[in-house]
Structures are given as structure tokens and as C-alpha cells.
Amino acid sequence: MTVYVHSVSMTKFGNNENASLKDLMLTASREALDEARDLKIDAVFVGNYMGGSLANQEILGAIVANDLGLGPIPTAKLEGACASGGIALRQGILGILSGEYESVLVVGVEKMKHAPTATVTQFINSAMDQTTNERYAGLTFPGFFGVVANRYFHETGANKSHLAKLALKNRENALQNPLAQFQKPATLEEIMNARMITDPLGLFDCSPITDGAAAVVLSRKPSDIKIAASAQASGPTMMQDAIDLLSLPAIRISGQQAYEKAGVGPEDIDVVEIHDCFSMTEMLAIEELGFFPKLEGWLAIEQGKTRVNGEKPVNTSGGLLSRGHPIGATGVAQFYQLVLQLRGNAPNQLEKRPRLALAQNLGGTGSYSVVHILERV
């Protein structure tokens, strides 16, 4: 059995101060359903991380089914930190492959901008193991990837300018994306001299706090885009458990599984959306997914190989760094950009229309990774 993508939708990412969590979720869902109007939805899967803690709202799946008149169908919310959206997509795909459902709606959503930064940071940190001495030592996500960046610099010829070039590439891509959070140009000098968050990661190296939602309708009925592979893996939940600080095994394993299922290799992928929660994360991911040799991702950045016109375009949407990162919506939003690329009408559309696209969604400091490969048919 094959699963096909029938429709995608996405709200504007950024500060949606006049829209509630529910408003964002229903807006994206409604638009996806309108495009796939001939399909009867059998189940709803919602990717969300902080609806209960930040918006005091749960039962999100039931709200979608009730408010959009989908009937008494089964619904569920999936939580996997920043990989919540990717995991929700995977559960929708597995539900169809099992034969239980013919068509499903998957929506990812997060409402974050209304809360103080300290509050958001506190809840985001719950995606780290709270029982360890790392928590009591004050380790945060920027702190984790800052340590990784310093180690990467030590092991390679890379330096802060390579992270800045990566962040600049994603900002330039976002300028062409009308739904991206950041649409103001930046210069390499501005990025290099931006306010330090944790050495060596500055403001532009860290993904922002964002409101937004994205939705996808999947079905076993044929369409122009199919799911060639869906894979998920878990990894260490603590820095002290990492065998190699410059490796995120969950990304590598989920990528290898996806390539095997699709019967392709990294050299066959035409366009990529990667979970760049930090610039350093994208650097590691392009190596773990096999696009570039280990410890040589920085050379690919230096040579412009991941730019829109490069040999392996990465994050043509602007990525999390500049398109924005509404946590539960991020994995679904990656689908939105890649489906548009495969259809030939994306922001930063590739000159040669792609056939194979890969989405990689990360949770925690490598605790979860979900990889999907989409194919134009």
C-alpha cells in the first residue's frame, strides 16, 4: 500500500497575537481540508508540545473533529518535543498503512509568543532529562549546541564565520517566503556581531519563539506526491551519554532507515528541509544524513553547496532559524515547503523541478529524529 499527499497548508509564522492556539490549528486544518474536499477524513493526528502548559488547552484532536464537523472519528495528540509534528505525520502514515484508515488529517500547532521568554525557555527545557545533574548544572539547549559548536571548531577548520554563512543562507531564503517569520535582510557582519546567546552561538544562530500551524491531508487514494519512506529513531537524552559529541545518532539511524525503505541514497535527494533549531544542528545533520562527509559539512557551507542553486539545497523555506519554529508545527511545515517544491511552485523554487525530497525533524538534544522522503509521481 502507498500513502499519498493530497493537500498542504500553513499559516503565517511569527507573532499571531490576535489568534489563539485553536484559531491557528483550525485555520490550517480548514485550508488543507478545503483543498482535499473530495476525501472523507477517518482520523486526526495533532502535533503539539506546549498547548497545555502555555495555552492551557488540551484535547486538540477532539476540538478539530468537533469544530470542523468531521464526526465522531478517532483523534490523538502526539508529543515528541520539537519532533511532535514529524511524529504526528508518521502516525497518520502508519494508520493508513495498517489499513485502519483511508484518509487522515495531520496538523501541527504551537502558540508561544504571548508568554515571557523565561517561561517559554523553562517549558522547552522539559525536553531534557530533568532527573540528571545536567539539569542542576543549568544546561540549556543553546548551551548544549554551543558546546557542540566549540568541539566542532576544535576538530575541524571551521569557525564562527561558517555558522554565520549558514544562518545567512537561511535568512536569504526566508526573504522569498511570504509565510516566514523573518523577512528583514541581514548581513554576514550583522550576524557575526549579533548579541551572544551562548558562545559561540549568537542571536542569528538560534531559532526564535514563534506562533503558527501547518496541516497535511494524507490518503491511500493516489495523488501527484507519495510518501516514499517514513522512519523514526531515538537517541541519548543526556550530553554525558553521548559517545561522540559531534554525532546525533537518531538522525543518522532514521536517515539510513528512510533511504533503505525508499530504495535510494543521499545522492538521489534533490531538496532537503532539516531541523536547524541552531545553526550547529544543521551542520551536524547534513553530515549525519550522508549529504557530506563527516566533519566536512563546514566546507560544503563555505562552498555554497547547500544554497538554493547548490548541489544539495537545504532549507529553501528559510528553516527554523528564519522561517520560524512553532514547535509542534515545525515537522508539518517542512512537508508544506517540500510539497510545493515537488509541485513546482515553492518559495525559492529550484530551477530543475525536484523528484525526491527529504524532511528531517529533531526532538530534544537528539532524543527523537523523524525522516520522511517524498516523491513526485
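The following paragraphs lead through the structure from its annotated domains to its salt bridges.

The structure is a predicted model, in which local features need pLDDT of at least 70 and side-chain atom pairs count only at pLDDT 80 or more, while totals for chains, interfaces and linings use all residues. Residues are numbered from 1 along each chain as its sequence is written, and side-chain values use heavy atoms, with hydrogens and water left out.

Two annotated domains give a first orientation. An unreviewed UniProt entry gives the annotation "domain: Thiolase N-terminal" to residues 3–220, and "domain: Thiolase C-terminal" to residues 237–376. UniProt positions are given in the numbering used here, feature names are shortened, and such annotations may be inferred rather than shown by experiment. Helices (H or I, at least four residues) and strands (E, at least two) are DSSP runs, numbered from the N terminus. Residues 3–220 are 41% helix and 17% strand, with end C-alpha atoms 5 Å apart. For residues 237–376 the content is 34% helix and 14% strand, and the end C-alpha atoms lie 36 Å apart.

The N terminus takes part in a surface feature. M1 belongs to the segment before β1 (4–10). Because its relative accessibility is 57%, M1 counts as exposed; the terms are buried for under 20% relative accessible area, exposed for over 50% and partly exposed in between, with a 1.4 Å probe and protein chains only. Together with L94 and L97, M1 makes a nonpolar surface patch of about 280 Å². Patches consist of residues with over 30% relative accessible area and no salt bridge, where like charges are joined within 9 Å and nonpolar side chains (Val, Leu, Ile, Met, Phe, Trp, Tyr) within 5 Å. The areas come from the Shrake-Rupley method with a 1.4 Å probe, and for residues only the protein chains shown count as cover.

Helix α3 (residues 60–67) turns attention to the interior. Its buried residues are L60, G61, I63, V64 and A65. Their cover includes α1 (21–35), β2 (43–47), β3 (75–78) and β4 (103–110), where contact means heavy atoms within 4.5 Å. Just after α3, G69 has a positive phi of about 65°. In the loop between α2 (51–55) and α3 lies N56, a residue other than glycine whose phi is also positive, near 50°. N56 counts as exposed because its relative accessibility is 70%.

Another backbone feature lies at D199 and P200, which are joined by a cis peptide bond with omega of about 10°. P200 is in the loop between β5 (196–198) and β6 (201–202). In the loop between α14 (330–343) and β10 (356–363) is N348, which is not a glycine yet has a positive phi of about 60°. N348 is buried, with a relative accessible area of 16%.

The structure holds three aromatic pairs. One of them joins F144 and F145 edge-to-face, at 4.9 Å centre to centre and 75° between the planes. Rings of Phe, Tyr and Trp (its six-membered ring) pair if their centres lie within 6.5 Å; planes under 30 degrees apart count as stacked, over 60 as edge-to-face and the rest as tilted. Both F144 and F145 are buried, and ring pairs link F144, F145 and F278 into a cluster.

Salt bridges, defined as a side-chain nitrogen of Lys or Arg within 4 Å of a carboxyl oxygen of Asp or Glu, number 17. One of them joins K160 and D205, with the closest N and O atoms 3.5 Å apart. K160 is in helix α8 (residues 160–174) and D205 in the loop between β6 and β7 (212–219), so this pair ties together parts 45 residues apart in sequence. K160 is buried at 17% relative accessibility, and D205 is buried at 1%.

Helix α8 also holds K169, whose salt-bridge partner E282 is in helix α11 (residues 279–288), 113 residues apart. The closest N and O atoms of E282 and K169 are 2.6 Å apart. E282 is buried at 0% relative accessibility, as is K169 at 3%. R307 forms a salt bridge with E172, at 3.0 Å between the closest N and O atoms. This pair links the loop between α12 (297–302) and α13 (319–322), where R307 lies, with E172 in helix α8, 135 residues apart. R307 is partly exposed at 35% relative accessibility, and E172 is partly exposed at 30%. Finally, a network of salt bridges links E35, D224 and R343.
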